[in-house]
Amino acid sequence: AAAALLPGGPQLNLEVETNPGDFSGSAGPFQVFICVTESSCLDPVVLVKLKAGQKQVFTYQLPEMTVPDFKVAGIRIIASTDDAWFAKSIRVVLQEDPPK
């Protein structure tokens, strides 16, 4: 079940680092689910154009969350491609009051 969302929520930054190597990057797409529990996740955001050996930041404006005190407990990544991606690190940052 997806966590309920309304317009005007926090900003989500996904900071990803891809391993160096000729075949580590990927055109994507990859669906990334930010989860409170294994069975309760936000609607997915999409990662594309992941570059080998680089850190990249992807920013999304989320709808307002109806889950009080939402805490990121995990992420689920689903590849919508056969083009493998070799991630070195992924960091999720939720900003409750995004800069105006």
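Which residue in β6 does L14 stand opposite? L14 stands opposite F58. This is a predicted model. The protein chain has nine strands and zero helices. Its pLDDT averages 85. This briefing starts with the whole chain, then turns to one sheet, its residues and some local features.

**The chain as a whole**

- From the N terminus on, the elements run β-β-β-β-β-β-β-β-β.
- The protein chain has 100 residues, and buried residues make up 33% of them.
- The exposed area of the protein chain is about 6,100 Å². Carbon and sulfur atoms supply 54% of that area.
- Many contacts reach across the sequence. Among contacts between residues at least 6 apart in sequence, 79% join residues at least 24 apart.

**Confidence**

- A pLDDT of at least 70 is reached by 85% of the residues.
- Confidence is highest in strand β8 (residues 74–79), at a mean of 94. It is lowest in strand β1 (residues 5–6), at a mean of 48.
- Over residues 1–5 the pLDDT is below 50. In the model, this stretch has 19 contacts beyond near neighbours in sequence.
- Where pLDDT is low, the predicted coordinates should not be read in detail.

**A three-stranded sheet**

- One open sheet has three strands in the order β6-β2-β9, and the pairing is antiparallel.
- The edges are β6 (55–61) and β9 (87–95). Each has a single partner strand, so one side of each is left without a neighbour in the sheet.
- From one strand to the next, the twist averages 15°.
- Strands of a sheet pair through backbone hydrogen bonds, either parallel or antiparallel.
- β2 and β9 pair over eight bridges, in the antiparallel sense. In β9, V93 is the bridge partner of N13.
- β2 and β6 also pair in the antiparallel sense, over seven bridges.

**Two faces of β6**

- In a regular strand the side chains alternate between the two faces of the sheet.
- β6 shows such an alternation along its length. Q56, F58 and Y60 point to one face and are buried.
- K55, V57, T59 and Q61 point to the other face and are not buried.

**L14 in β2**

- L14 sits in strand β2 (residues 11–18).
- Is L14 buried or exposed? L14 counts as buried because its relative accessibility is 0%, and the cut-off for buried is under 20%.
- Beyond neighbours within four places in sequence, L14 contacts residues from several parts of the chain. These are V32, I34, V45, L47, Q56, V57, F58, Y60, R91 and V92.
- One of these contacts is V45. L14 and V45 are 31 residues apart in sequence, and their C-alpha atoms are 9.6 Å apart in space.

**F58 in β6**

- F58 belongs to strand β6.
- F58 has 15% relative accessibility, so F58 counts as buried.
- Not counting residues up to four places away in sequence, F58 touches L12, N13, L14, V16, L47, V48 and L50.
- N13 is one of those residues. F58 and N13 are 45 residues apart in sequence, and 5.6 Å apart in space, C-alpha to C-alpha.
- L47 is among the contacts of L14, and F58 touches L47 as well.

**The disulfide**

- How many disulfides does a search of the whole structure find? The search finds one.
- The disulfide joins C35 to C41, with an S to S distance of 2.0 Å.
- Both C35 and C41 are buried.
- The torsion about the S-S bond of C35 and C41 is about 95°, so the disulfide is right-handed.

**Backbone features in two loops**

- A cis peptide bond joins G28 and P29, with omega about 0°. P29 lies in the loop between β2 and β3 (30–37).
- K49 lies in the loop between β5 (45–47) and β6. Its phi is near 55°, a positive value in a residue other than glycine.
- K49 is exposed because its relative accessible area is 62%, and the cut-off for exposed is over 50%.

Key
Residues are numbered from 1 along each chain as its sequence is written. This is a predicted model: local features need pLDDT of at least 70, side-chain atom pairs count only at pLDDT 80 or more; totals for chains, interfaces and linings use all residues. Side-chain values use heavy atoms; hydrogens and water are left out. Helices (H or I, at least four residues) and strands (E, at least two) are DSSP runs, numbered from the N terminus. Buried means under 20% relative accessible area, exposed over 50%, partly exposed in between (1.4 Å probe, protein chains only). Contact means heavy atoms within 4.5 Å. Two strands pair if DSSP finds at least two bridges between them. Axes are lines fitted to C-alpha atoms, for helices over the stretch in contact, and angles run from 0 to 180 degrees between N-to-C directions. A disulfide is a pair of cysteine sulfur atoms within 2.5 Å. Accessible areas come from the Shrake-Rupley method with a 1.4 Å probe; for residues, only the protein chains shown count as cover. pLDDT is the predictor's confidence in each residue, from 0 to 100.
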